[in-house]
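User: I am new to reading protein structures. Could you walk me through a few features, step by step?

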Amino acid sequence: MAVPACIAKAGAMRVAITVLAKPNAKVSAITGVTEEALGVAIAAPPKEGLANAALVQFLAQELGLKRRQVSLDKGSASKHKRVLVDETTVEDVWQKIQESLAS
């Protein structure tokens, strides 16, 4: 399967991921992927930045990266978000997402 459009190169060794966040989930998990967005359930409420922080931490963990390599770029008050991932490639991000979906 080709890399979906929601995972795109955003500069040298930087990847942008369009995310559809679903807060208040029982557990944090990648729920699916389409051309438009990566679906991510977050086990945190959408208030006072808790879900955003949990999203960034969860994605760093799932991608096998340090927390400092993942940041929220756009959408802090929306379920539609853009996350930037530093020091990696589109291919590496896509591989880790596929592994997470398979488990």
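Analyst: Happy to! Let's start with a term we will need: a residue is called buried when its relative accessible area is under 20%, exposed when that is over 50%, and partly exposed in between. Please keep in mind that this is a predicted model.

User: Thanks. Is Asp 86 buried or exposed?

Analyst: Asp 86 has a relative accessible area of 19%, which means that Asp 86 counts as buried, as that value is under 20%.

User: What does the side chain of Asp 86 meet in a salt bridge?

Analyst: The general idea comes first. Side chains of opposite charge can pair when their charged atoms come close. Here, the side chain of Asp 86 pairs with that of Arg 14, at 2.6 Å from N to O. Arg 14 sits in strand E2 and Asp 86 in strand E6 (residues 80-86), so this salt bridge links distant parts of the chain, 72 residues apart. Unlike its buried partner, Arg 14 is partly exposed, at 31% relative accessible area.

User: How many salt bridges does the structure hold?

Analyst: There are 3 salt bridges. Another one joins Arg 68 and Glu 87, whose closest N and O atoms are 3.0 Å apart. Arg 68 is in the loop between H1 and strand E5 (70-74), while Glu 87 is in the loop between E6 and helix H2 (90-102), so the pair ties together parts 19 residues apart in sequence. Arg 68 is exposed, with a relative accessible area of 54%, and Glu 87 is partly exposed at 46%.

User: Which residue forms a salt bridge with Arg 82?

Analyst: That partner is Asp 73, with the closest N and O atoms 2.8 Å apart. Both ends are partly exposed: Arg 82 has 29% relative accessibility and Asp 73 has 34%.

User: Now for empty space. How much space lies in the largest pocket?

Analyst: Again, the idea first. Rolling a probe the size of a water molecule over the atoms shows where empty space is left. In this model, the largest pocket holds about 180 Å³ of space. It is lined by 18 residues, and the closest to its centre are Pro 46, Ala 51, Asn 52, Ser 76 and Lys 81.

User: Which element gives the largest share of that lining?

Analyst: Helix H1 does, with 4 residues. Strand E2 (14-22) and helix H1 (50-63) each supply at least two lining residues.

User: And what classes of residue make up the lining?

Analyst: The lining of the largest pocket has 9 nonpolar, 5 charged and 4 polar residues.

Terms used: Residues numbered from 1 in each chain as written. Predicted model: local features only at pLDDT ≥ 70, side-chain atom pairs only at ≥ 80, totals over all residues. Heavy atoms only, no water. 1 Å grid on protein atoms, 1.4 Å probe; cavity = no way out; pocket = protein on both sides within 12 Å on 5 of 7 lines; lining within 4 Å. Points joined across faces, edges and corners; volume = space filled by probe spheres on them. Nonpolar A, V, L, I, M, F, W, Y, C, P; charged D, E, K, R; others polar. Salt bridge = Lys/Arg side-chain N within 4 Å of Asp/Glu carboxyl O. Buried < 20%, exposed > 50% of the residue type's maximum accessible area, 1.4 Å probe, protein only.
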